[in-house]
Amino acid sequence: MANELFISPSLLSADFTRLAEAVETIEAAGADFIHLDVMDGHFVPNLTIGPPVVKAVKRVASRPLDCHLMVSDPDRTAAWYVDAGANIVTIHIEASVHVHRTIQAIRDGGAIPGITLNPGTPASAIAEVLPYVDLVLVMSVNPGFGGQSFIESSVGKIAEIRAMCERAGVCPRIEVDGGIDVTTAPRVVAAGADTLVAGSAIFCTPDPAEALREIRRSATTRMV
Ligand code: DX5
Ligand code: ZN
């Protein structure tokens, strides 16, 4: 694997009245990124946070903000999140009409551009933009909610995207989001993922810090 393993806990499953505490806990436990799920009630059937909350989290976070935009109009709104302080802004290939332009705008604004795809979207859909992004987010659930079951075909898709990257001579981070826990983490890492998003497996436990460390251990311990 070319990139070191990163864990990006999703605040979606944290207590929204105590986000600062959640950030402090996961950063102390070794979180590499902080995953923020922006949902517009249109691209996905849920409504979560917008730029003011990203801005507020930015004030208390020391790790990079990994902002996942589940919105119908990222071409118009991605810049809001760059301006709010997101370090990584990931847009859905299904939602962007002028994808290269939006990726360039994210980069020009000083953030890292990422591309993501739903479980029903083939890997080939992102082939044209692979050379222009620094992160590919493979959705392993249909986006919208935390706590859903991992979709098995994601493992093959990660391997396919890793092979596409090798053929293209590029090495973006390959991040996986949805149903990641101590069982699925080692499997997606073996397939080529290097960045793991986990929400409920971290925050819906009595000890989120230990849950984060367990996910990292599960994905880095070699099976003999
Ligand atoms: C789902 C979001 C995820 C979510 C993952 O639409 O994109 O980031 O928080 O939650 P878990 O880890 O519980 O599947
Ligand atoms: Zn997400």
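**Note on the predicted model: zinc site, cavity and selected residues**

1. Asp-177 has a relative accessibility of 9%, which places this residue in the buried class, since that class takes values under 20%. The model is predicted, and the values in this note should be read accordingly.

2. Asp-177 is one of the protein donors of the zinc ion (ligand 2), the others being His-35, Asp-37 and His-68. His-35 contributes NE2 and His-68 contributes ND1, while Asp-37 and Asp-177 each bind through OD. These donors lie 2.1 to 2.3 Å from the zinc ion. His-35 lies in strand S2 (residues 34-39) and Asp-177 in strand S7 (residues 173-177), so this pair ties together parts of the chain that are 142 residues apart in sequence. His-35 is buried, its relative accessible area being 0%.

3. The site of the zinc ion (ligand 2) is octahedral, with six donor atoms and angles among them of 70 to 169°. For comparison, ideal angles for six octahedral donors are 90 or 180 degrees. Along the chain, the donors of this zinc ion follow the spacing H-x1-D-x30-H-x108-D.

4. How many cavities of 30 Å³ or more does the structure hold? There is one. The largest cavity contains about 40 Å³ of space. Its lining is formed by Leu-11, Leu-12, Phe-16, Leu-19, Leu-36, Asp-37, Ile-49 and Val-53. By class, seven of the lining residues are nonpolar, none is polar and one is charged. The charged residue is Asp-37, because Asp counts as charged. Asp-37 is also among the protein donors of the zinc ion (ligand 2).

5. Val-89 is placed in strand S4 (residues 88-92). With a relative accessible area of 0%, Val-89 is buried. Beyond its neighbours within four places in sequence, Val-89 is in contact with Cys-67, Leu-69, Ala-78, Tyr-81, Val-82, Ile-106, Ala-111, Ile-112, Pro-113 and Gly-114. The C-alpha atoms of Val-89 and Val-38 are 10 Å apart in space, with their positions 51 residues apart in sequence as the chain is numbered.

6. Is Gly-199, in the loop between strand S8 (195-198) and helix H7 (200-203), buried or exposed? Gly-199 is buried, at a relative accessible area of 15%. Apart from neighbours within four places in sequence, the contacts of Gly-199 are Ser-10, Ser-13 and Cys-204. Gly-199 and Ser-8 are 191 residues apart in sequence, yet their C-alpha atoms are 8.8 Å apart in space.

7. Ile-151 occupies the loop between strand S6 (135-139) and helix H5 (153-168). Its relative accessibility of 26% makes Ile-151 partly exposed, because the buried class ends under 20% and the exposed class begins over 50%. With neighbours within four places in sequence left aside, Ile-151 is in contact with Pro-119, Ser-140, Val-141 and Asn-142. For one of these, Val-141, the C-alpha separation from Ile-151 is 5.8 Å, and the two are 10 residues apart along the chain.

8. Thr-220 lies in helix H8 (residues 208-220). Thr-220 counts as exposed at 52% relative accessibility, a value that meets the requirement of over 50%. Thr-220 and Ala-190 are 30 residues apart in sequence, and their C-alpha atoms are 9.7 Å apart.

Methods
Residues numbered from 1 in each chain as written. Chains lettered and ligands numbered in written order. Predicted model: local features only at pLDDT ≥ 70, side-chain atom pairs only at ≥ 80, totals over all residues. Heavy atoms only, no water. Buried < 20%, exposed > 50% of the residue type's maximum accessible area, 1.4 Å probe, protein only. Contact = heavy atoms within 4.5 Å. 1 Å grid on protein atoms, 1.4 Å probe; cavity = no way out; pocket = protein on both sides within 12 Å on 5 of 7 lines; lining within 4 Å. Points joined across faces, edges and corners; volume = space filled by probe spheres on them. Donors = N, O, S within 2.8 Å, 3.2 Å for Na, K, Ca; no water. Tetrahedral: all angles 85-135°; square planar, octahedral: opposite > 155°, others 65-115°. Helix = DSSP H or I, 4+ residues; strand = E, 2+ residues; numbered from the N terminus.
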